Protein chains: 2
Amino acid sequence: MALLRLADLPTPCLVLERGKLQRNLDAMARAVARNGVALRPHLKTAKSAEVAKLATRGQAGAITVSTLAEAEYFARHGFRDILYAVGIVPAKLDRAAALRAAGVDLVLVTDDPEAAAAVAAHPGGLRALVEVDCGEHRAGMPVDSDILLAVGRALGAHCAGVMTHAGHSYGCKSIAEVAALAETERQVAVRAAERLRAVGLATPIVSVGSTPTALHARGLAGVTETRPGVYMFQDLFQVQIGSGAIEDVAVSVLTSVTGRRAGENRVLVDAGGLALSKDRSTATAPRDYGFGLVLDVLGRPTLGEAVVERANQEHGVVGAPTPLPLERLAVGTRLRIAPNHVCMTAAMYDRYHVVDGDDVVVATWDRVNGW
Amino acid sequence: MALLRLADLPTPCLVLERGKLQRNLDAMARAVARNGVALRPHLKTAKSAEVAKLATRGQAGAITVSTLAEAEYFARHGFRDILYAVGIVPAKLDRAAALRAAGVDLVLVTDDPEAAAAVAAHPGGLRALVEVDCGEHRAGMPVDSDILLAVGRALGAHCAGVMTHAGHSYGCKSIAEVAALAETERQVAVRAAERLRAVGLATPIVSVGSTPTALHARGLAGVTETRPGVYMFQDLFQVQIGSGAIEDVAVSVLTSVTGRRAGENRVLVDAGGLALSKDRSTATAPRDYGFGLVLDVLGRPTLGEAVVERANQEHGVVGAPTPLPLERLAVGTRLRIAPNHVCMTAAMYDRYHVVDGDDVVVATWDRVNGW
């Protein structure tokens with residue numbers, strides 16, 4: 001059978017470099033092992049059973065998910081220890097309980113006393129973590145809040161521990177700042193667990209983590225697990241906050257040149273706002289990549305400074321700040337685009353085309369989207 | 001059988017108000033009829049056969065699409081006159097020809113002489129429009145460019161006419177400015193057709209259109225058809241550029257409150273960056289709606305000024321600039337969020353839950369995503 005190559009794929013589509021993925025997984029496994037905690041990788045980025053299997057190799061198989069659709073998908077693929085890390089609502093408890101009835105140790109999350117009471121009252125034998133805020137100001141109560149104990153008491157025997165997420169580590173300007181924030185994340189989680197234990201509640205799980213803090217934490221005493229996710233693939237934003245190098249970005253969008261703007265040194269590609277997402281997280285980073293960095297078909301930065309300057313629904317406009325012979329690219333030329341924020345970009349696709357250092361597609365791995 | 005209500009649906013999901021959709025379709029049909037041209041609605045927003053059937057009722061059934069996946073989907077649903085309005089690349093010609101072989105009058109688009117030659121050389125008997133730029137500076141050559149004739153000649157007998165798109169109408173500050181741009185769009189298309197006819201090329205199709213210019217054009221002499229799309233649903237951005245009223249926004253995201261931030265008058269919802277998209281088109285509009293305007297479960301603006309201030313992957317943070325009793329909303333409360341840019345938001349979902357003025361789901365309509 002003839003080899004399938006990137007040139008044979010309809011564009012736009014998603015390309016995953018297996019070697020880079022493996023290097024990213026190894027780097028995180030080393031960082032987490034150094035701190036003596038368990039790695040419960042967050043699969044919200046990859047949403048793929050094949051990636052999850054690689055990410056949990058040598059681990060206990062524990063994972064984190066961001067939707068019940070992910071929980072159900074990973075359960076079908078044999079995962080049995082799943083943390084659903086978005087605040088639970090009562091209407092979702094029956095779906096959660098169905099997973100527990102099927103043998104999945106599904107752990108929920110809440111920061112609300114009424115939702116906690118609903119978890120405890122549900123006949124499905126559900127458990128939840130109390131979510132506490134370590135400064136991100138998204139979900140969770142302040143660690144010294146009375147609400148912490150109210151949620152814990154509402155859960156009672158259904159309390160599985162505590163969790164926090166230093167998502168504001170994405171705003172750090174240096175590794176030292178990330179390390180300091182990782183220590184805050186640790187302290188908040190440990191303090192929350194201590195407060196719950198002081199009133200007689202069990203907290204077997206003390207869960208923290210984001211890619212920057214998991215990589216750069218200098219100690220995680222009292223913590224049981226960390227939940228990074230985007231490290232598997234890396235992206236242009238993560239590279240700029242020190243989570244990896246540009247060579248580590250493992251996922252890109254394969255696209256075709258659809259037109260050339262004569263005299264402007266610009267080309268159009270069939271990767272627009274849907275293929276790349278409208279995420280502009282690099283707008284405030286040291287280097288603004290527009291809607292993505294343009295690479296050649298082998299994923300090499302041979303087009304210099306070329307970026308996707310504009311993204312309409314199905315049109316991307318590629319330009320370069322310094323003169324580059326973009327117009328030499330014929331219509332149909334294949335390029336690859338490294339994403340600003342890979343969680344957003346990958347979510348537009350139902351599969352990965354896996355390559356390993358060249359243009360041969362060695363595997364196709366599915367993804368789960370939706371809710 | 002018990003009625004299905006919005007309270008029964010898993011969140012986040014997509015809600016479509018049938019009555020508003022019909023009003024929007026009627027308003028556009030009247031505007032287009034007034035100018036005596038055909039309406040070839042762009043289905044890139046709706047991506048739904050049921051919506052397409054309503055949008056072409058009383059019309060010839062001609063539609064516009066933005067991907068070959070859409071073309072194939074609509075062909076399966078009986079549509080036979082389809083314009084694929086994104087620059088064609090040679091590798092996609094076989095898929096296009098398969099549709100023509102199946103009886104679909106599929107018309108392609110190009111602005112490139114080499115791509116045009118590939119269309120003409122393909123054995124599938126394909127036709128294409130020459131795309132010309134009327135000032136958007138995306139695809140298409142300037143109307144007086146030599147490239148216009150080069151593309152037309154390369155197509156030869158495969159030339160089906162011309163097309164242009166005044167996408168820059170989205171930047172207009174008044175209806176008068178939109179009307180002036182519609183006249184430019186018309187003139188450019190007609191002039192392009194005249195130049196091609198002068199060298200003996202057939203141009204049966206002279207195609208223009210965007211929602212603002214289709215609604216506000218004061219005459220379309222020489223044009224044969226217009227291709228608006230987002231008018232069917234409207235959104236917060238279109239409302240601000242005069243394409244409709246806030247009451248016309250027909251699509252919203254149903255979401256659930258997942259947490260409350262005590263003392264901040266903020267709540268969290270399970271509609272984040274994936275459920276809403278990261279589109280921030282209202283950031284530069286008169287009114288910045290963040291990531292969307294928060295409505296009650298019936299789609300009414302009873303929460304005043306509340307908007308989604310932040311959107312992480314699965315978390316939306318809802319706040320209000322003026323004090324509102326958001327904290328009275330219990331976890332599990334259902335809300336609806338009107339989108340900034342409905343083309344981007346709807347693309348995250350595989351179906352519409354159709355309602356008609358209340359909370360009863362009267363139909364479920366599928367969508368086609370991907371490429």
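**Exercise 1. The relation of the two chains**

By a turn of how many degrees, and with what shift along the axis, can chain B be laid on chain A?

*Solution.* The structure is a predicted model, in which local features need pLDDT of at least 70 and side-chain atom pairs count only at pLDDT 80 or more, while totals for chains, interfaces and linings use all residues. Residues are numbered from 1 along each chain as its sequence is written, and chains are lettered from A and ligands numbered from 1 in the order in which they are written.

Step 1. Two copies of a chain are related by a rotation about an axis and a shift along it.

Step 2. A turn of 180 degrees with a shift of 0.0 Å along the axis lays chain B on chain A with an RMSD of 0.0 Å, where the copies are superposed by least squares on the C-alpha atoms of residues with pLDDT of at least 70 in both. That is the relation of a two-fold axis.

Step 3. To place the axis in the model, look for K278(B), which at 2.6 Å (C-alpha) comes closest to it of the residues of chain B.

**Exercise 2. The contact between the chains**

Describe the side of chain B that touches chain A, by its elements and by the classes of its residues.

*Solution.* Step 1. The contact takes 45 residues from chain B and 45 residues from chain A, two residues being in contact if their C-beta atoms, placed from the backbone, lie within 7 Å.

Step 2. On the side of chain B, the elements that give two or more residues are α5 (113–121), β11 (251–261), α10 (273–276) and α11 (342–346) of chain B; helices (H or I, at least four residues) and strands (E, at least two) are DSSP runs, numbered from the N terminus. The largest share, 4 residues, comes from β11(B).

Step 3. By class, this side has 20 nonpolar, 14 polar and 11 charged residues, where Ala, Val, Leu, Ile, Met, Phe, Trp, Tyr, Cys and Pro count as nonpolar, Asp, Glu, Lys and Arg as charged, and the others, Gly among them, as polar.

Step 4. Because 100% of the interface residues of chain B are also interface residues in chain A, the copies meet through the same surface.

**Exercise 3. The build of chain A**

State how many helices and strands chain A has, and compare its radius of gyration with the globule rule.

*Solution.* Step 1. Chain A has 11 helices and 18 strands.

Step 2. The radius of gyration of chain A is 22 Å, close to the 21 Å that the globule rule gives for 371 residues, so chain A is as compact as a globular protein of that length. The radius is taken over C-alpha atoms, and the rule is 2.2 Å times the number of residues to the power 0.38.

Step 3. The C-alpha trace of chain A spans about 70 × 45 × 35 Å along its principal axes.

**Exercise 4. Two helix pairs**

Work out how α5(A) packs with α6(A), and how α3(B) packs with α4(B).

*Solution.* Step 1. In chain A, helix α5 (residues 113–121) and helix α6 (residues 146–155) pack at an angle of about 15 degrees, with their axes 7 Å apart. Axes are lines fitted to C-alpha atoms, for helices over the stretch in contact, and angles run from 0 to 180 degrees between N-to-C directions.

Step 2. The two helices α5(A) and α6(A) are therefore roughly parallel to each other, a term for angles under 35 degrees, with those over 145 counted as roughly antiparallel, 65 to 115 as roughly perpendicular and the rest as oblique.

Step 3. The crossing of α5(A) and α6(A) is right-handed; a crossing is left-handed if the near helix is turned anticlockwise from the far one by less than a right angle, and right-handed if clockwise. Among the residues that make the contact are P113(A) and A117(A) of α5(A) and I147(A) and L155(A) of α6(A), and by class the contact has 10 nonpolar, no polar and no charged residues.

Step 4. In chain B, the axes of helix α3 (residues 68–76) and helix α4 (residues 93–101) come within 11 Å and cross at roughly 15 degrees, and α3(B) and α4(B) are therefore roughly parallel to each other. Their crossing is left-handed.

Step 5. Here L68(B), A71(B), E72(B) and A75(B) in α3(B) meet R95(B), A96(B) and L99(B) in α4(B), which by class gives 5 nonpolar, no polar and 2 charged residues.

**Exercise 5. Backbone details**

Find where P12(A) and Q234(A) lie in chain A.

*Solution.* Step 1. Most residues other than glycine have a negative phi, and most peptide bonds are trans.

Step 2. A cis peptide bond, with omega about -5 degrees, joins T11(A) and P12(A), and P12(A) lies in the segment before β1 (13–17) of chain A.

Step 3. Q234(A), although not a glycine, has a positive phi of about 60 degrees; Q234(A) is found in the loop between β10 (225–226) and α9 (236–240) of chain A.
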